[in-house]
Amino acid sequence: GDSVTMDILLNDSINLPQKAPILGEEYLNFIAHSKSVDGKGVDIAPGPMYTVSITNRHLAKDRQQLYMLHLTSELDITNSNTTVSRSFRGKPISSIVDTLLVDYLNIENDVIIEKTVGDENIIIPNWKPFKAINWLAKRAINENNVPNYLFWESNGVTYFQSIETLLTQKVKQKFIFSPIINAEQKMEQLIKGKTQLDNLEI
């Protein structure tokens with residue numbers, strides 16, 4: 001997806017959904033840190049995450065329940081409640097994306113928008129901002145005339161960048177994808193500074 005989402009499996013003995021209560025759109029602020037063998041970890045600080053649903057709720061024992069709490073970013077909540085009906089004439093796509101983020105999504109976090117070439121005449125017909133930006137990403141061309149833009153939110157920053165630019169950046173963390181692996185193999189890879197993934201969704 002375009003925005004940060006999170007699923008948390010909770011083992012609850014105080015009946016938090018009833019006592020808090022969890023009704024929807026409560027928010028959680030947190031910072032997570034992933035450790036690696038070389039001591040360099042990655043901090044994850046997505047900003048406020050809003051509750052959107054609770055699923056897989058069942059009793060594990062007497063007075064103990066398990067459930068999955070699903071959360072999404074503030075940007076995603078704003079997107080779901082906003083539509084864009086507007087025309088843009090003689091503007092580069094990067095400028096149109098900036099307008100959509102500021103005027104329609106009221107973005108307050110950091111934004112990184114890579115400049116596009118060419119001026120466009122665009123009509124956005126009552127679309128959600130994310131749909132409009134992703135449509136624009138398919139039309140955007142960078143300074144090397146390569147049409148490969150992506151739009152996403154990560155760690156409190158919103159990006160509109162080309163894949164070409166991403167490939168020039170330094171690797172932040174290495175992952176190995178293998179659906180079937182035992183604990184011993186995971187440890188061997190961790191010692192090498194690589195994190196093992198059992199499930200990968202893009």
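Contact here means heavy atoms within 4.5 Å. Helices (H or I, at least four residues) and strands (E, at least two) are DSSP runs, numbered from the N terminus. This is a predicted model, in which local features need pLDDT of at least 70, side-chain atom pairs count only at pLDDT 80 or more, and totals for chains, interfaces and linings use all residues. Residues are numbered from 1 along each chain as its sequence is written, and side-chain values use heavy atoms, without hydrogens and water.

**View 1. Helix H4 and its buried residues.** Pro 129, Phe 130, Ala 132, Ile 133, Leu 136 and Ala 137 are buried (under 20% relative accessible area, 1.4 Å probe, protein chains only). They line one face of H4, because they fall within an arc of 160 degrees seen down its axis. The arc is taken from the directions from the helix axis to the C-beta atoms. These residues pack against helix H2 (74-80), S7, H3, S9, S10 and strand S11 (157-162).

**View 2. The largest nonpolar core.** A nonpolar core is a set of buried Ala, Val, Leu, Ile, Met, Phe, Trp, Tyr and Cys residues joined through side-chain atoms within 4.5 Å. This one has 22 residues. Val 97, Leu 100, Leu 101, Ile 124, Ile 133, Leu 136 and Phe 160 touch the most other members. Elements giving two or more residues include strand S7 (84-91), helix H3 (93-104) and strand S9 (120-127). A second, separate core of six residues includes Met 6 and Met 49.

**View 3. Around Val 97.** Leaving out residues up to four places away in sequence, Val 97 touches Ile 113, Ile 133, Leu 136 and Phe 160.

**View 4. Leu 167 in helix H5 (residues 163-167).** Leu 167 has 70% relative accessibility, so it counts as exposed (over 50%).
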